[in-house]
Amino acid sequence: MASSKMGVEQRFVAALLGRSTEDELQYTEDLIGNNFSNYSAWHNRSMLLSEILKRKEQESSSQDIISKEYEFVLNALYTDPDDQSGWFYHLWLLDQTFKVKAPLLVSSWPVPGSELIVSGNVSPGDHPLTSFSEFTVALERFPVVLYFNQTVEGVNSSTVTIQCTFVQNEDVTWKPLSPQNSRASKVWVGYLDLSGVDHHSSAPHTIEVKLGHHQGINSSNGLQLSVPFDLSFTVSVKSLETQSSKDEKVAWEEDKFYACETHLQVAIPSLCYDGIAVENTYKPTTSDWQIETITEEISQIRNLLAISDSKIGKITLARLLMAHDAMSSPYATKTVHAEEVLGLYSELMKLDPSHSQYYKDERSLVLLQQLLSSRGMLLRHCFYYGGITSSSTHGPICLRLNNQSISRMGSFDKLLWVQMLDLSDNELHSIEGLEAMQLLHWLNLGRNKLRSFTALGPLRCLKSLKVLNISHNEIGLHSIDTTRYSCSASPLSHNGEIIWNGDEFSPENADVTNYWEAFMVFKSLELTQLDIVGNAVANEKFKSFLLKVLPKLQFLDGQNLH
Amino acid sequence: MGELVGNKHVEYILSVERRKDDFHSVLMDYLRMNGAYWGLTTLDLLGKLDTVNSEDVVSWIMTCQHESGGFAGNVGHDPHLLYTISAVQVLGLFDKLDVLDINKVTGYVTSLQKEDGSFSGDILGEVDTRFSYIAICCLSILKRLDSMDVEKAVKYILSCKNMDGGFGCIPGGESHAGQIFACVGALAITGSLHHIDKDLLGWWLCERQVKSGGFNGRPEKLPDVCYSWWVLSSLTMIDRVHWIDKEKLVKYILDCQDTENGGISDRPDDAVDVYHTYFGVAGLSLLEYPGVKAIDPAYALPVNVVDRIFFGRCST
């Protein structure tokens with residue numbers, strides 16, 4: 001423990017002696033020169049550099065300093081590529097180079113320019129049928145979702161204005177989507193009440209969303225969102241011919257899904273993000289220096305790897321390649337290097353099997369980016385559910401990502417439009433981030449590795465969710481809950497939401513105490529269909545408890561309850 | 001692979017408890033309260049808490065309480081947060097928290113909070129994020145967390161966050177697994193885990209696992225069984241524990257046992273002590289080793305004890 005304070009004491013003494021930060025930097029250089037494996041010295045160097053960079057007012061002098069640091073650390077890495085300390089510093093430098101500065105909007109639902117048809121009077125079990133040229137949403141309340149490049153605060157009706165004929169801007173309440181009840185989030189949602197709209201008129205209403213015109217949206221380090229974003233889209237509200245499904249349950253079987261690319265080509269564009277209007281809204285923000293630096297570093301690390309099979313070297317290269325791809329315009333085909341990166345992670349799983357689950361998670365994120373990288377790739381995974389009942393109408397569009405060895409979900413900024421999602425037969429043990437998918441109505445998480453109800457915490461934010469399959473997971477099988485502190489609605493949470501009003505834990509309500517995690521998740525959802533078979537927790541006692549918590553349930557494990 | 005010789009460890013702990021007068025025990029006299037926590041929690045995790053006379057322990061604990069409300073390491077010593085938390089935790093194990101004057105203990109803990117939200121360990125004033133964790137854990141168990149300035153306490157902890165995603169003992173202090181556990185635990189208890197970059201910290205933590213399967217506390221250092229707790233509990237709280245090789249860690253911990261006389265040491269073939277015995281067994285608990293009760297990673301107490309405190313009744 002003593003040496004962890006040494007650096008701080010050293011700076012204190014240095015300050016007393018009037019030694020400059022630059023002198024200190026030289027001192028760390030000497031220490032590192034003597035022994036590259038001196039993690040403390042690298043740590044102190046990063047602290048000193050942070051201070052120096054803060055003081056620099058000119059962009060160019062910061063860039064010079066960082067470029068020199070790259071030379072310095074590369075020297076250390078070439079000398080001993082297997083020592084971790086230098087690599088950690090290199091990763092910190094990368095972070096400084098690509099430090100996201102101001103908050104920006106990167107994605108939204110609806111997408112600018114889209115023309116939507118909304119059925120506002122649909123009851124939960126119905127599957128609205130629409131013609132192939134339209135994208136339809138069955139909603140009770142209309143969500144507008146804003147997805148930023150970092151966690152932000154201050155999204156409200158003063159900083160984001162909505163103009164439309166049927167809702168007053170002041171009546172729109174913006175909420176951060178965070179299972180942790182935080183005031184800040186990367187994803188925000190505001191709901192528009194459709195009840196004021198005339199359902200008999202199918203005239204489209206234009207809705208305009210404007211942000212960045214008034215100060216107030218800022219990141220945790222105080223930087224403001226100052227680039228304005230103006231989105232407009234049209235909404236027609238109509239009563240649709242619905243397939244009443246009071247007696248029909250959703251079956252996630254192969255023969256229920258129909259590929260129909262030509263029709264999807266027409267329907268999907270309004271959801272997709274590669275239109276010109278979108279290009280103008282979401283601007284890329286990388287500088288020439290950043291592009292040069294990353295290209296140079298990629299080349300240097302490749303050289304290093306040619307002479308030494310360093311594990312962290314491979315990890316660094318993978319991250320560099322992904323950062324390089326991320327720098328191109330958000331909606332260009334961004335996955336030039338994806339194949340190489342997937343290959344690197346596969347190699348790493350063999351080189352370092354102890355950490356294979358880490359590489360698998362990283363690999364999943366890259367795979368998802370690749371699968372969603374272009375309209376062509378996306379369409380291959382979109383299917384109509386329930387077939388085609390007449391020559392001109394169809395059921396909802398399902399994004400099928402089943403059986404992809406996905407251990408972790410990501411790319412949510414590209415998935416905001418999804419209403420039906422099939423993630424079955426994967427290796428998910430977490431659904432962190434899923435709270436962003438506000439349109440989700442039907443979700444299949446069957447045959448994954450979910451281990452507890454607290455891991456399903458993000459579902460509490462999905463107000464549209466009606467059909468859920470979590471069959472054949474590991475809920476009830478484990479004594480240790482790794483998401484026990486991740487959900488603010490937990491009774492263990494200090495500042496969490498108050499959904500427990502004290503009566504819940506009385507002796508008569510033994511079940512609530514015993515099954516509090518399930519109670520916490522399901523109490524906020526109005527599911528009509530649930531599949532939980534194949535989980536250790538799902539015995540008769542638990543199922544009868546569920547029936548009390550989910551009064552609107554029509555199907556449990558395939559059985560019709562009425 | 002070997003197996004956990006739970007009964008030998010129970011024997012070992014009970015024998016240490018009895019050996020009050022030998023040289024080693026006399027040296028360790030001042031931290032007997034911590035020893036009590038390590039030993040008794042281990043017994044509870046192995047299902048053998050009832051082999052100890054709870055009344056004797058509880059009355060001894062109360063003789064260690066100072067007029068300030070804080071607890072000392074042993075009778076006649078000075079109070080400190082380090083011993084206060086152990087006292088409260090042991091009372092929690094025996095479901096005897098009601099013997100406490102809650103206001104008195106709360107008053108002692110809150111008196112140690114500084115303007116910037118940090119905590120010192122005692123009136124002499126050395127500040128460390130470990131003490132922030134202890135204060136938060138202690139007041140939360142007593143259900144008096146709101147008696148401190150939680151927002152400031154959290155803000156101070158976050159000011160100790162480093163470039164590698166980890167935490168140090170004070171702002172600017174280097175990341176170390178022990179400090180990371182303290183900060184992550186404090187943030188978990190106060191519902192503030194969303195401030196942590198879980199991927200960045202998770203990766204740094206999982207890289208503590210070395211070739212032998214054990215964990216070190218910082219890069220390039222030697223493994224030690226105590227890190228099986230500090231790194232593992234941190235990873236568990238941020239839901240990244242699947243990033244390590246669980247089997248290899250189990251093997252490492254089992255190799256650190258003295259299978260003849262009981263007890264666990266820091267590394268295979270070293271001398272055993274109660275401290276490492278606790279961390280080894282607690283680590284095995286987080287790894288779901290059969291026959292070991294589940295432990296809560298934030299409070300470092302068995303899950304049924306934490307549930308009893310917060311739900312007012314044991315969960316089945």
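**View 1. Polar contacts and salt bridges where chain B meets chain A.** In this predicted model, 24 residue pairs are in polar contact between chain B and chain A, counting pairs with both residues at pLDDT 80 or more. Several elements of chain B give two or more residues to the side that touches chain A, among them H9, helix H10 (198-206), helix H11 (225-237) and strand S3 (295-296). Six salt bridges are found across the interface of chain B and chain A. For one to look at up close, try Glu432(A) and Arg240(B), whose side chains meet in a salt bridge at 3.1 Å, N to O.

**View 2. The interface of chain B and chain A as a whole.** Pull back a little to take in the 63 residues from chain B and the 58 residues from chain A that make up the contact. About 5,200 Å² is buried between chain B and chain A, and carbon and sulfur atoms give 54% of this area. Which three residues supply more of the area that chain B buries against chain A than any other three? They are Met163(B), Trp203(B) and Phe311(B), which supply 16% of it.

**View 3. Helix H9 of chain B, from end to end.** This helix covers residues 177-189 of chain B. At 1.5 Å a residue, its 13 residues should span 18 Å, and the end C-alpha atoms are indeed 18 Å apart, so the expected and modelled spans agree. Is H9(B) largely enclosed or open? Because 13 of its 13 residues are buried, H9(B) is largely enclosed by the rest of the structure. Just follow the chain onward to find Gly191(B), whose phi is positive, near 65°.

**View 4. Strand S7 of chain A and its partner S10.** Side chains alternate along strand S7 (residues 160-163) of chain A. Val160(A) and Ile162(A) point to one face and are buried, whereas Thr161(A) and Gln163(A) point to the other and are not. S7(A) pairs with strand S10 (residues 205-211) of chain A in the antiparallel sense, over four bridges. Opposite Thr161(A), in S10(A), stands Lys210(A). Lys210(A) also forms a salt bridge with Glu208(A), with 3.7 Å between the closest N and O atoms. How accessible are the two partners? Lys210(A) is partly exposed, at a relative accessible area of 26%, and Glu208(A) counts as partly exposed too, at 29% relative accessibility.

**View 5. Lys314(A) and its salt-bridge partners.** Put Lys314(A) in the middle of this view: at 8% relative accessibility it counts as buried, since the cut-off for buried is under 20%. The side chain of Lys314(A) meets that of Asp309(A) in a salt bridge of 2.9 Å, N to O. Asp309(A), by contrast, counts as partly exposed, with 49% relative accessibility. Lys314(A) forms a salt bridge with Glu347(A) as well, the closest N and O atoms being 2.9 Å apart. This pair links distant parts of the chain, 33 residues apart: Lys314(A) lies in helix H9 (residues 311-327) of chain A and Glu347(A) in helix H10 (residues 338-351) of chain A. Glu347(A) counts as partly exposed, at 40% relative accessibility.

**View 6. A salt-bridge network with members in both chains.** Arg408(A), Glu432(A), Asp199(B) and Arg240(B) are joined into one network by salt bridges that share partners. You have already met Glu432(A) and Arg240(B), the pair at 3.1 Å in the first view. Over all chains, the count comes to 27 salt bridges.

Terms used:
Residues are numbered from 1 along each chain as its sequence is written. Chains are lettered from A and ligands numbered from 1 in the order in which they are written. This is a predicted model: local features need pLDDT of at least 70, side-chain atom pairs count only at pLDDT 80 or more; totals for chains, interfaces and linings use all residues. Side-chain values use heavy atoms; hydrogens and water are left out. The expected span of a helix is 1.5 Å times one less than its number of residues. Buried means under 20% relative accessible area, exposed over 50%, partly exposed in between (1.4 Å probe, protein chains only). Two strands pair if DSSP finds at least two bridges between them. A salt bridge is a side-chain nitrogen of Lys or Arg within 4 Å of a carboxyl oxygen of Asp or Glu. Contact means heavy atoms within 4.5 Å. Buried area is the accessible area (1.4 Å probe) that two parts lose on being put together, summed over both. A polar contact is a pair of N or O atoms within 3.5 Å; within protein, one must be able to donate a hydrogen and the other to accept it, and residues adjacent in sequence count only if both atoms are side-chain atoms.
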